[in-house]
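Let's take a walk through this fold together, starting from a single residue and working outwards. Keep the structure open beside you as you read.

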Amino acid sequence: MLNGQTSFDFDGNTFKKSFDGERLSKQFDRVFNVMKSGRWMTLEEISLRSFAPAVSVSARLRDFRKPKFGAHTVERRRKDAARGVWEYRLIVS
């Protein structure tokens, strides 16, 4: 896990630690490990490499920006304007 953490302090209206805590912590770690390379990737590319649904990848990218998850920088840029495809890059704090 990131920095030796085995569990993260997720929150939200539908979050239940007993059901979601371990799953989301492992997912966070997988997405972080994919993104820490600093390479530009689409949600689909991150999803394929991390074995997480694209919608979950998007949520983890938002988590990375939060102070309690490291206050990392997540940059984004358009890859294909006609299709609305974005790429993301993680700058680790």
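Thr42 makes a handy starting point. With a relative accessibility of 9%, Thr42 counts as buried, because the cut-off for that label is anything under 20%. Bear in mind that you're looking at a predicted model. Thr42 belongs to strand E1. Setting aside residues up to four places away in sequence, Thr42 touches Lys79, Val85, Trp86 and Glu87.

Those contacts lead us to the sheet. What is the strand order here? The sheet is open, has 3 strands and runs E1-E3-E2, with antiparallel pairing. Strand E1 (41–42) and strand E2 (73–80) are the edge strands, each pairing on one side only. Between E1 and strand E3, which covers residues 85–91, the antiparallel pairing extends over 2 bridges. To find the E1 side of that pairing, look for Met41, whose bridge partner in E3 is Tyr88.

Now cross to the other side of E3. E2 and E3 pair over 7 bridges, again in the antiparallel sense. Two places to check are Val74, which has Leu90 as its bridge partner in E3, and Arg76, which has Tyr88. So Tyr88 turns up twice: it's the bridge partner of Met41 and also of Arg76. E2 and E3 make a hairpin with 4 residues between them, and Gly84 in the turn carries a positive phi of about 70°.

While you're at the hairpin, have a look at the side chain of Arg76. Its charged end sits over the ring of Trp86, 3.9 Å from the ring centre. Trp86 has come up before, as one of the residues that Thr42 touches.

Time to step back and see the whole chain. How many helices and strands does the protein have? There are 3 helices and 3 strands, and from the N terminus on the elements run α-β-α-α-β-β.

On to the aromatic rings. A pair of aromatic rings is described by how far apart the centres are and by the angle between the planes. The protein has 4 aromatic pairs by this kind of count. One of them joins Phe28 and Phe69 in a tilted arrangement, 5.4 Å centre to centre with 40° between the planes. Why does this pair tie together parts that are 41 residues apart in sequence? Phe28 lies in helix H1 (residues 17–35), while Phe69 is in the loop between helix H3 (54–65) and E2, so the contact spans that separation. Both Phe28 and Phe69 are buried.

Phe32 and Phe64 give you an edge-to-face pair, at 5.6 Å centre to centre and 85° between the planes. This pair also links distant parts of the chain, with Phe32 in helix H1 and Phe64 in helix H3, 32 residues apart. Phe32 and Phe64 are buried too. Through ring pairs, Phe28, Phe32, Phe64 and Phe69 are linked into a cluster.

Phe64 also takes us into the nonpolar interior. The largest nonpolar core holds 15 residues, and those with the most contacts inside it are Val31, Met35, Ile46, Leu61 and Phe64. H1, H3 and E3 are the elements that give two or more residues to this core. Which element supplies the largest share? That's H1, with 5 residues. For a feel of the packing, pick out Val31: apart from neighbours within four places in sequence, Val31 is in contact with Ile46, Ser50, Ala52, Val57, Arg60 and Phe64.

Finally, a few totals for the protein. Of its 93 residues, 39% count as buried. Among contacts with a separation of 6 or more, 45% come from residues 24 or more positions apart. The protein exposes about 5,800 Å², and carbon and sulfur atoms supply 50% of that area.

Methods:
Residues numbered from 1 in each chain as written. Predicted model: local features only at pLDDT ≥ 70, side-chain atom pairs only at ≥ 80, totals over all residues. Heavy atoms only, no water. Pairing = 2+ DSSP bridges. Buried < 20%, exposed > 50% of the residue type's maximum accessible area, 1.4 Å probe, protein only. Contact = heavy atoms within 4.5 Å. Areas by Shrake-Rupley, 256 points an atom, 1.4 Å probe, with all protein chains shown as cover. Phe/Tyr/Trp six-rings, centres within 6.5 Å; stacked < 30°, edge-to-face > 60°. Lys NZ or Arg CZ within 6 Å of the ring centre and 35° of its normal. Core = buried A, V, L, I, M, F, W, Y, C linked by side-chain atoms within 4.5 Å.
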